[in-house]
There are 2 protein chains.
Amino acid sequence: MSIALNPFIAGIPANPLRALFPFAARPGMLNLASGHPSRDAYDHAGLAEALPKAGADFPAWTYGPSAGDPLLLEALQEHLAEVPAGHRLLVTSGAQQGIDLAIRTLAPPGAAVLVPEPVYPAVLSACAAVGVRTVGYRTDAADTAMAGLAAALAATPDVRALYALPTFGNPTGETLTRTQRLAMLALCAQRGIPVIEDDPYRALWFRVPPPPSLLALAPKVPGVAVIHLGSLSKIISPGLRLGWAVAPDAVAGPMQEARQASDLQPNSLAQRVALHYLRLGRLDAHVARVRGLYAARYDALAGRLAAAGFLMPPVDGGMFVFARMPEGTVRDGLFDRAVARGVMYAPGAAFALQPGDAGFADRMRLCFVGLADADVPVAADRLVAAARG
Amino acid sequence: MSIALNPFIAGIPANPLRALFPFAARPGMLNLASGHPSRDAYDHAGLAEALPKAGADFPAWTYGPSAGDPLLLEALQEHLAEVPAGHRLLVTSGAQQGIDLAIRTLAPPGAAVLVPEPVYPAVLSACAAVGVRTVGYRTDAADTAMAGLAAALAATPDVRALYALPTFGNPTGETLTRTQRLAMLALCAQRGIPVIEDDPYRALWFRVPPPPSLLALAPKVPGVAVIHLGSLSKIISPGLRLGWAVAPDAVAGPMQEARQASDLQPNSLAQRVALHYLRLGRLDAHVARVRGLYAARYDALAGRLAAAGFLMPPVDGGMFVFARMPEGTVRDGLFDRAVARGVMYAPGAAFALQPGDAGFADRMRLCFVGLADADVPVAADRLVAAARG
């Protein structure tokens with residue numbers, strides 16, 4: 001029998017990053033493609049201490065509230081999440097569920113969400129799954145007034161939300177300045193559009209902390225609403241699949257209902273592990289160590305590639321750099337040549353709004369955090385060799 | 001600012017069962033309302049053995065495939081999930097995510113899904129969240145040809161799926177016979193409609209195993225498609241939030257894409273705990289023990305309530321009975337009187353398709369598994385006293 005499908009779901013574009021998984025499993029592969037913390041960027045001792053404490057709590061094994069374990073909500077507020085008056089905190093299954101819930105709560109099928117271009121492709125999947133249109137906006141360090149965003153807003157009817165990743169962007173690694181953030185908020189306030197601020201990398205700054213979040217700046221821009229999404233994936237463990245959302249009450253309530261309809265509640269066991277990990281008081285020292293690791297790896301990778309003619313945009317934190325290949329790189333077959341030499345990158349085209357858009361064909365997203373220190377120069381050399389043909 | 005919301009999400013009906021949570025926390029409350037396994041129905045020793053094994057596996061802490069941990073998929077097939085040729089197995093975050101993904105994959109906004117009446121209300125939430133209409137069908141032990149279902153199918157345009165909970169139903173506790181199952185499959189085959197079989201209670205039979213699942217019977221009915229949903233919540237732990245879906249390839253692929261768009265992948269840590277628990281080889285003995293506990297509790301509760309004039313439909317397994325109050329029960333204020341006496345039940349009206357529909361006003365869903373043995377007669381006596389006014 002042929003089975004009729006919801007065309008929205010049948011039309012979800014394949015996630016080009018998840019399609020790279022099989023290559024990553026090849027022996028000896030140095031993976032600059034995937035945004036995965038390296039094994040030495042986990043606090044293994046702390047997790048080993050938290051795990052049995054979690055297991056000894058009966059609430060780890062049974063049902064709990066849809067908004068999250070009340071003790072974890074408290075611990076998140078103490079350590080990580082800022083919850084302004086009139087806002088509520090929800091635990092999510094990673095920031096991805098926060099993106100999905102925020103988009104679904106704000107935008108009905110057929111409406112539009114503005115997204116940065118280039119974009120993290122899972123945002124496109126979340127929109128496509130519910131029939132929401134995505135329209136790109138461009139940012140540029142020189143565009144302090146966010147004219148690119150203003151133009152996209154003006155040109156797009158029925159916009160229900162702006163999606164932004166303003167701090168150590170994925171794939172770009174770029175960070176909007178405080179001035180740009182205020183301009184973004186003002187444009188959204190003017191148009192009456194809430195902002196979904198995806199902020200999973202904030203803690204991973206190299207030398208100085210990033211500008212305040214859009215959520216923190218929102219009180220300076222009357223009438224703007226921000227839904228802020230955080231994640232434990234990049235600072236504690238992606239396998240816990242835990243993030244959080246801070247949203248105005250009027251949005252948080254429906255987001256929680258949507259969450260309950262999707263999968264009832266966050267994972268009870270993972271929440272207790274996170275709770276006991278946070279209670280150990282090791283997070284700050286752990287994240288400081290990870291910052292040092294990542295900064296050194298970025299410097300090592302960027303230095304080597306820049307010397308070989310790659311254009312490496314400056315990056316102040318996070319996990320990614322959106323490198324431009326040297327002039328004259330033979331792009332045809334480059335990914336295959338790189339794989340053959342034992343190095344992987346995420347092709348720039350993976351971050352285009354339209355699959356097949358060649359706009360970023362000379363770019364590659366390089367995740368500089370996932371390799372052991374000693375492998376970083378090796379990976380860079382392999383990439384340089386592959387680019388040379 | 002007033003924020004525009006997706007009317008589908010804003011219109012999700014409040015889940016009347018989750019609204020009972022606060023009462024359950026009152027000291028001394030005997031909770032017959034919630035479908036939660038009792039604390040003595042967990043294999044605490046087995047979980048304590050599995051947990052450190054899980055923690056020692058690095059894949060517990062990092063990203064994994066959207067379809068599920070390959071080792072868990074293998075273990076589920078060995079112990080629990082039957083995967084016919086042409087079908088694929090996916091790990092889900094509880095059966096609720098399976099329901100959500102199956103409905104979203106099959107039914108676009110505006111289309112209809114048939115659901116049994118009375119119904120588990122979270123199914124209505126999942127449909128409402130994506131603008132899918134729900135239309136009820138009635139079943140009855142005397143209706144061996146499923147004429148009620150045939151009538152509902154005939155009367156409803158644009159049906160995209162049938163949702164069924166044919167084994168130890170929630171709230172009814174009823175089980176469709178093999179004849180009824182074949183009739184259901186034949187009706188769906190005729191109409192070209194896939195069946196979503198929600199099957200979380202199958203292992204909890206009292207004296208004899210239930211009839212084969214719809215999935216197992218499907219080969220006898222050419223042209224029918226079944227998406228089968230299982231759960232570890234009722235046999236290992238609800239806090240792990242793990243279930244599984246078996247679906248025809250043509251449905252499983254899009255379900256997996258929808259899952260990835262929602263929250264990327266199942267919880268890595270919980271999957272490893274389940275894997276190591278299954279590998280211990282303790283599941284069968286554990287479930288056999290739980291079956292004994294639950295059967296004894298049902299007998300104790302049903303005996304005591306029947307003696308006091310309650311009509312207790314026969315139940316052969318699972319967790320629920322849909323009791324009918326004695327003639328002459330003063331229904332006004334009954335829930336409050338029960339709570340005042342220290343006992344809770346789920347009001348029948350909570351399972352109506354339309355909130356406010358009085359169709360099940362003389363019913364109460366009683367979950368007989370959540371209390372300690374000694375508390376069962378006490379809860380029954382409190383309920384009888386409350387019913388008497």
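Student: How many helices and strands are there in chain A?

Tutor: In this predicted model, chain A holds 14 helices and 12 strands. The radius of gyration of chain A is 21 Å, close to the 21 Å that the globule rule gives for 389 residues, so chain A is as compact as a globular protein of that length. Along its principal axes the C-alpha trace of chain A spans about 60 × 55 × 55 Å.

Student: What share of the residues in chain A is buried, and what share of its contacts with a separation of 6 or more comes from residues 24 or more positions apart?

Tutor: Of the 389 residues in chain A, 57% are buried, and residues 24 or more positions apart account for 76% of the contacts with a separation of 6 or more.

Student: Which residues have the most contacts inside the largest nonpolar core?

Tutor: The general idea is that in soluble globular proteins nonpolar side chains tend to be buried together. Here the largest nonpolar core has 270 residues, and those with the most contacts inside it are A:Ile103, A:Ala274, B:Ile103 and B:Ala274. If residues up to four places away in sequence are left out, A:Ala274 touches A:Leu72, A:Leu232, A:Ile236, A:Leu240 and A:Leu242.

Student: How is chain B related to chain A when it is laid on chain A by a turn and a shift?

Tutor: A turn of 180 degrees with a shift of 0.0 Å along the axis lays chain B on chain A with an RMSD of 0.0 Å. The two copies are thus related as by a two-fold rotation axis, and the same surface serves both, since 100% of the contact residues of chain B recur in chain A.

Student: How many residues of chain B are in contact with chain A, and which element of chain B gives the most to that side?

Tutor: The contact involves 69 residues of chain B and 69 residues of chain A. The elements giving two or more residues to the side of chain B that touches chain A include helix 3 (44-55), helix 5 (94-106), helix 10 (249-263) and helix 11 (268-279) of chain B. Helix 10 of chain B gives the most to that side, with 9 residues, and the residues of the side divide into 41 nonpolar, 20 polar and 8 charged.

Student: What should helix 10 of chain A span, at 1.5 Å a residue, and is this helix mostly covered or uncovered?

Tutor: The 15 residues of helix 10 (residues 249-263) of chain A should span 21 Å at 1.5 Å a residue, and the end C-alpha atoms are 21 Å apart, which agrees. Helix 10 of chain A is mostly covered, with 12 of its 15 residues buried, among them A:Val251, A:Met255, A:Arg259 and A:Asp263. The helix is followed by A:Leu264, whose phi is positive, near 70 degrees.

Student: Where does B:Arg241, with its positive phi, lie?

Tutor: B:Arg241 is not a glycine, yet its phi is positive, about 50 degrees; its place is in the loop between strand 7 (226-231) and strand 8 (243-248) of chain B. B:Arg241 is buried, because 29 other C-beta atoms lie within 10 Å. B:Met146 likewise has a positive phi, of about 55 degrees, although it is not a glycine, and lies in the loop between strand 4 (133-137) and helix 7 (147-155) of chain B.

Student: Which peptide bond from A:Asn170 is cis or trans, and what is its omega?

Tutor: The bond from A:Asn170 to A:Pro171 is cis, with omega near 15 degrees, and A:Pro171 lies in the loop between strand 5 (159-164) and helix 8 (178-191) of chain A.

Notes. Residues numbered from 1 in each chain as written. Chains lettered and ligands numbered in written order. Predicted model: local features only at pLDDT ≥ 70, side-chain atom pairs only at ≥ 80, totals over all residues. Helix = DSSP H or I, 4+ residues; strand = E, 2+ residues; numbered from the N terminus. Expected span 1.5 Å × (residues − 1). Buried ≥ 20, exposed ≤ 12 C-beta atoms within 10 Å, placed from the backbone. Contact = placed C-beta atoms within 7 Å. Nonpolar A, V, L, I, M, F, W, Y, C, P; charged D, E, K, R; others polar. Rg over C-alpha atoms; globule rule 2.2 N^0.38 Å. Core = buried A, V, L, I, M, F, W, Y, C linked by C-beta atoms within 7 Å. Least-squares fit on C-alpha atoms with pLDDT ≥ 70 in both.
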